[in-house]
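Here are some short questions and answers on burial, packing and chain distances. Work through them with the model in view.

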Amino acid sequence: QVMVHDGEFVKAWFHSYSGGHTATAKEGLNYQEEEPGFIKTAEFEKDSRIPEEHRFWTVSIPTEEVSSGLRERGIDIGELRQVNIVERGPSGRATMLHVTGTGGTEDMHAADFRIAVGPEKLKSTLVEEMRVEGGNLVARGSGYGHGVGLSQWDAFWMAEDGQSAEQILNNFFQDIQIRSVWD
C-alpha cells in the first residue's frame, strides 16, 4: 500500500515528536519550493506518555560549538554573543533568528541554524527562549525534529489507542489516498 496525492506517490517527511503542533515544510525545514499540497498542520495534546526529554527540554551548548557549526556552513560571526527570535511560524516555531557574534550579525532561518548547531543538540525550533549565558547557548523548548509531516511519537500513541494506519496518516496529511499497488 502507498500514500498518494493528486495521483502521485507521496515522499513524506516524518520526525520524532511534534511538540504538540506540526509545521509547514517552509516553517520547519526552510523548504524553498512550493508548499506540498499533502502537508497539513495539526495540533495535538501534549500526551503525558511522550518521553519527558522530548516533551519539554532545556539544552546548553557551548558558544564555540555554535560558532564553529555556523562557520562550517559559511557563516562567520565570530564568537556567538546573542540569538534573538525575530519571527515565528504558524505552529509557534522560530523561523527567523538574529544571530550576533563578536565579528558581526546574521539573520537566518531557524531551521538552518538548528542544522548548523546540530539537530541532536538543538532538538527543535519550537523554542520558548534562546539566550547566551556563561559561554553557552541555552535554549528551552518542546518537540524533537523539524515538525513536518508525521510525528512518530504522536502516531505511536494513536496506534496504541486503536486508530488504524489510514486514520493516523489522515491526522498528519491532507488530500491523500491509500492505494494498493500490485506488480
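Q: Where is the place of E34?
A: Helices here are DSSP runs of H or I, at least four residues, and strands are runs of E, at least two, numbered from the N terminus. E34 is placed in the loop between α1 (25-29) and α2.

Q: Is E34 buried or exposed?
A: This is a predicted model: local features need pLDDT of at least 70, side-chain atom pairs count only at pLDDT 80 or more, and totals for chains, interfaces and linings use all residues. Residues are numbered from 1 along each chain as its sequence is written, and side-chain values use heavy atoms, without hydrogens and water. Buried means under 20% relative accessible area, exposed over 50%, partly exposed in between (1.4 Å probe, protein chains only). E34 has 70% relative accessibility, so E34 counts as exposed.

Q: How many Å separate the C-alpha atoms of E53 and S142?
A: E53 sits in helix α2 (residues 52-55). Along the chain, E53 and S142 are 89 residues apart. Their C-alpha separation is 8.6 Å.

Q: Which element gives the most to the largest nonpolar core?
A: A nonpolar core is a set of buried Ala, Val, Leu, Ile, Met, Phe, Trp, Tyr and Cys residues joined through side-chain atoms within 4.5 Å. The largest has 22 residues, and F113 is one of those touching the most other members. Elements giving two or more residues include β5 (80-88), β6 (94-101) and α4 (110-117). With 4 residues, the top contributor is α4.
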